[in-house]
Amino acid sequence: MKVRQVKLREIHKSASSAGKPSFCSVVWDQQGFHSVTASSSDASIAVHNALLSTCPPKLLRNHRDGVTALAMSPNATCLASGSVDHSVKLYKFPSGEFETNITRFTLPIRALAFNKSGTLLAAAGDDDGIKLINTVDGTISKVLKAHKGPVTGLGFDPQSEYMASIDSTGTVVYWELQSGSTLHTLKGVAPNSGLDLTVLNVLSWSPDGRMLAVPGVRNDVVVYDKDTAEKLFTLRGEHTQSICALAWSPNGKYLATSGLDKQVLIWDVDRKQDIGRHKFDERITCLAWKPIDNVLAVIDCMGRYGVWEAVIPSSMKSPTEDVPNQSNNGLLLFDEDEDEGQEISTSGSLSDLGEDTYEESKPPSRKRLSKQSDSLRDLDEDDNDDFGLSPKVESHKKARRNHSESTDNGNEGLRSRLSSARPKMQEAFQPGATPVQPGKRRFLCYNMLGAITTIEYDGYSHIEIDFHDTSRGPRVPSMTDHFGFTMASLNENGSVFANPCKGEKNMSTLMYRPFSSWANNSEWSMRLEGEEVKVVALGTTWVAAITSLNLIRIFTTGGLQRHVLSLDGPVVTASGFMDELAIVTHASDCLPSNEQVLEFRVLNINNSSQPLRGRLPLTPGSSLTWFGFSEEGKLSSYDSKGVLRVFTSEYGGSWFPLFSASKDKKSDENYWVVGLNARQLFCIVCKSPELYPQVLPKPVLTLLDFSIPLASSDLGAEALENAFILNDMHLVQIQKQIEEMDAAGLDTSSLDDEAFKLETAQDQCILRLIGSCCHGDKLVRATELVKHLSLEKSVRGAIKIVTSLKLPNLAERFNSILEERLLNDSKEPLQTTVPNPNYNASSSTEKSKLSGNDIPLPAPKLSAPTFLKKAKTQEAIVGTEKTQEKQTDLEKSTTTETETAAAEVNNAAGDMKKVGEMPKAQQSHRPSNPFLKRSNSQDIEKKEEVDQVKAHRPSNPFFKKSVK
């Protein structure tokens with residue numbers, strides 16, 4: 001017998017760092033692309049890429065304590081984990097994205113197992129009882145009780161007729177799944193592991209489902225019959241201590257066993273002989289054969305993991321040859337003579353467990369392989385592209401209905417289920433709503449204005465509306481809900497509610513409730529028969545409901561049915577703001593990579609137009625989790641990967657990623673978005689694995705600054721670059737607002753002030769970036785940045801910075817830029833700041849050169865403010881000269897010059913503020929809006945005033961110019 005060498009590497013450090021053994025687990029996915037390991041002393045799960053073995057594993061950190069059990073669904077799309085923290089969690093695989101807490105126990109979990117379809121999960125541990133959990137909806141199908149000690153091993157037979165379990169006392173129980181009763185109880189057939197939690201009794205079904213392997217009490221393996229539980233034979237070899245782990249090869253010809261003697265033996269089951277072994281430094285606690293190769297994965301009690309290659313000699317039959325035929329999606333295709341005739345189902349526990357009814361207690365009907373082959377052949381002709389994809393899970397009711405159908409319709413039922421085997425399209429959701437939690441209060445709506453909560457009692461619900469600003473007005477009275485509303489929307493004027501279809505007539509109800517009205521009984525409701533409301537939205541004067549028939553139903557706030565429009569795809573979500581309704585729909589089925597294909601459109605309800613429509617971008621592998629408008633009315637979206645996008649009119653209409661949670665979020669946090677404004681994202685931080693906030697205790701809003709997902713800069717100045725892009729974007733927005741208000745003849749003074757402050761802050765940011773570029777020897781970039789400066793003082797400050805750094809060539813370029821801008825400005829006619837009586841298209845063209853974010857210099861008497869400004873400028877210059885005289889260190893000099901330049905920019909802003917604070921008597925000749933047309937007499941008078949002050953204060957040529 002040849003001894004083989006296997007190298008192990010440390011994966012779960014917490015196990016070995018303490019110097020104490022632990023129970024470690026390993027499983028493969030069905031394709032053999034990934035293996036997964038865990039340790040009872042490490043809260044993280046490691047996902048290893050078999051194709052890139054040298055790369056570090058991906059870690060999943062969702063448990064709070066050690067992970068004691070792993071299970072992979074048959075189609076390798078779902079990973080389950082159990083832990084000392086009493087929870088069982090499900091993950092999407094291979095992405096590792098956390099999906100849900102499927103159940104909880106009061107004591108640690110020790111064993112997990114999926115059935116053949118992956119829709120039933122068995123979980124057990126130190127608690128009394130084995131839970132059979134439907135993975136479709138998280139309900140517990142049955143709780144099986146028969147063991148006297150902690151259950152340490154579970155296994156469904158490949159036909160899902162039986163389940164076997166083993167406990168720490170060595171007792172094995174056979175369970176009949178349809179009735180949930182025990183068939184056989186074998187007491188004391190396995191070792192008693194006692195209180196040692198690092199040694200767990202295990203068991204394993206052969207791939208063909210005919211035999212069950214269990215560790216024996218004589219350092220051997222005992223194999224039992226599936227139906228009778230009789231001992232078939234024993235495998236006894238060179239193990240000197242009890243067996244603690246075992247695994248069948250994919251074809252069932254070989255069996256690998258690990259013992260407390262630190263040996264792993266490979267058995268030829270037909271010959272009942274060991275054909276290979278390996279001695280390890282520590283006890284191997286878990287074994288797993290690679291489904292598609294002659295490879296065995298092992299992990300020891302110290303968290304060290306390795307792969308044993310070429311386990312079976314090439315002269316012998318491969319462990320992957322003649323594997324029992326099972327489809328990739330977990331549906332078993334039986335041999336003609338061995339068809340155990342339960343109807344093939346992906347709907348979960350009802351077909352596997354059965355119910356205590358006469359029809360379901362009958363013996364399973366026989367189905368011939370030829371019939372199944374015919375149905376699959378038909379399916380290939382009709383839906384060839386859909387067969388290989390993961391199955392779409394059905395509800396319990398549909399499973400029960402299918403189970404009771406006659407065998408004449410069996411092929412049609414099979415075809416309908418398999419034709420729906422495609423990536424699942426995202427279900428519709430209401431922004432700001434949380435899922436139903438039995439017995440707990442939940443949010444129907446949570447936005448920037450307030451929250452609507454509900455809690456269900458016997459036959460009715462209690463709804464409350466609260467505003468974040470308690471001084472807003474009187475509290476809105478609570479409401480008794482007899483309809484069972486599951487979604488709501490809230491704005492300043494009222495609230496709208498809706499529920500899914502209910503009752504004998506299958507009706508859905510829509511109700512609007514205004515907060516105040518001049519008329520009594522202003523509340524109204526509408527009934528939709530055979531049509532279910534999916535999403536609701538509110539505007540200033542309208543109410544919208546998007547339904548399951550892909551219809552947009554628009555009502556006035558008084559209840560008048562105004563419009564009914566058709567959508568070209570199922571709705572995902574919707575939101576309203578003033579006159580605009582934004583809707584997201586599915587543009588097509590999911591891509592084969594399971595990516596959602598979504599489309600958005602914005603409708604203006606008042607003028608019956610559609611100003612925007614296009615594809616909604618999502619991060620690959622993500623889904624949409626929030627959609628709405630910012631406080632300023634900007635359309636925004638947030639996906640499950642933590643990326644916030646805002647729609648902008650730039651580049652013909654684009655989505656701008658303003659925030660990425662991957663940079664700021666801690667590994668144990670999830671952000672639940674509430675809304676945003678021009679500068680910050682408002683969210684509620686939920687501790688993993690929770691994805692939604694609880695109503696009680698009252699959640700706390702967290703404000704997060706926008707963080708654009710920028711590339712790592714070679715200057716190390718990502719914060720400055722982030723501020724530079726955000727400021728520039730805000731300036732563009734303000735410019736557009738000023739132009740719109742100016743065209744409407746409205747006063748833009750407040751926006752002018754805001755634009756000037758923003759330009760001042762942008763100049764300070766640019767000056768700091770120029771300093772960083774000079775230190776990093778990025779002189780071309782510094783030249784590009786100086787062209788973005790708005791104020792003359794800022795340009796002169798940049799010249800001082802590069803001069804102090806002894807960069808004369810760069811200083812010369814900056815001077816050339818300054819002179820060129822002064823020359824261009826001197827060529828501009830006086831009309832750029834003073835409108836003439838013949839204000840026409842040419843005048844408008846000159847005005848467009850002035851950015852809407854810039855404020856023209858005022859024309860009235862400015863003797864005092866001008867003196868103050870000059871004095872401050874002189875003080876700043878003197879201070880700069882003194883600082884330069886004292887400079888001894890180059891880096892200190894640059895910092896001082898940058899701060900001086902920024903201070904001068906602030907002085908300019910302060911002077912402008914003082915000009916704005918002049919007494920009204922001095923401003924009597926200044927119009928409120930310098931961009932508006934004036935009469936001839938006003939223009940003449942304005943020209944005279946400009947001539948009077950022209951010698952004292954020239955116009956500022958350094959405001960941003962807008963693109964024509």
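This passage describes selected strands, helices and buried residues of a predicted model.

Towards the start of the chain, four strands form an open sheet in the order S2-S3-S4-S5, and their pairing is antiparallel. Its edges are formed by strand S2, residues 24-28, and strand S5, residues 58-60, each of which pairs on one side only. On average, and with direction ignored, neighbouring strands of this sheet are turned by 20 degrees against each other. Within the sheet, S2 is joined to strand S3, residues 34-39, through 5 bridges in the antiparallel sense, and in S3 it is serine 35 that stands opposite tryptophan 28.

A further position of interest is serine 117, which is found in the loop that links strand S10 (109-114) to strand S11 (120-125). Serine 117 counts as buried because its relative accessibility is 7%, below the 20% under which a residue is called buried. The side chain of serine 117 also takes part in a polar contact of 2.7 Å with the side chain of threonine 119.

Leucine 538, a residue of strand S37 (residues 533-538), is likewise counted as buried, since its relative accessibility is 5%. Although leucine 538 and methionine 578 are 40 residues apart in sequence, their C-alpha atoms are 8.1 Å apart in space.

Strand S45, which comprises residues 624-629, is mostly covered, with 5 of its 6 residues buried. S45 pairs with strand S46 (residues 635-639) in the antiparallel sense, and 5 bridges connect the two; across this pairing, phenylalanine 627 stands opposite serine 637 in S46. The hairpin made by S45 and S46 has 5 residues between the strands, and in this hairpin glycine 633 takes a positive phi near 90 degrees.

The largest nonpolar core of the model contains 25 residues, and those with the most contacts inside it are Ile770, Leu785, Val786, Leu789, Ala798 and Phe814. Two or more residues are given to this core by each of helix H9 (749-775), helix H10 (779-786), helix H11 (792-804) and helix H12 (808-826), and the greatest contribution, 7 residues, comes from H9.

For H9, the length agrees with expectation: at 1.5 Å a residue its 27 residues should span 39 Å, and its end C-alpha atoms are 40 Å apart. Just after H9, aspartate 777 takes a positive phi of about 60 degrees.

The corresponding comparison for H12 also gives agreement, in that its 19 residues should span 27 Å at 1.5 Å a residue and its end C-alpha atoms are 27 Å apart. The buried residues of H12 are Leu810, Ala811, Phe814, Ile817, Leu818, Arg821 and Asp825. These buried residues lie on the same side of H12, because they cover an arc of only 120 degrees around the axis. Phe814 is thus listed both among the buried residues of H12 and among the residues with the most contacts inside the largest nonpolar core. On the face of H12 that is turned away from its buried side, the exposed residues are Pro808, Asn809, Glu812, Arg813, Glu819 and Ser826.

Conventions:
Residues numbered from 1 in each chain as written. Predicted model: local features only at pLDDT ≥ 70, side-chain atom pairs only at ≥ 80, totals over all residues. Heavy atoms only, no water. Pairing = 2+ DSSP bridges. Axes fitted to C-alpha atoms, helices over the stretch in contact; angles between N-to-C directions. Buried < 20%, exposed > 50% of the residue type's maximum accessible area, 1.4 Å probe, protein only. Polar contact = N/O pair within 3.5 Å; in protein donor to acceptor, adjacent residues only side chain to side chain. Core = buried A, V, L, I, M, F, W, Y, C linked by side-chain atoms within 4.5 Å. Expected span 1.5 Å × (residues − 1). Arc of directions from axis to C-beta.
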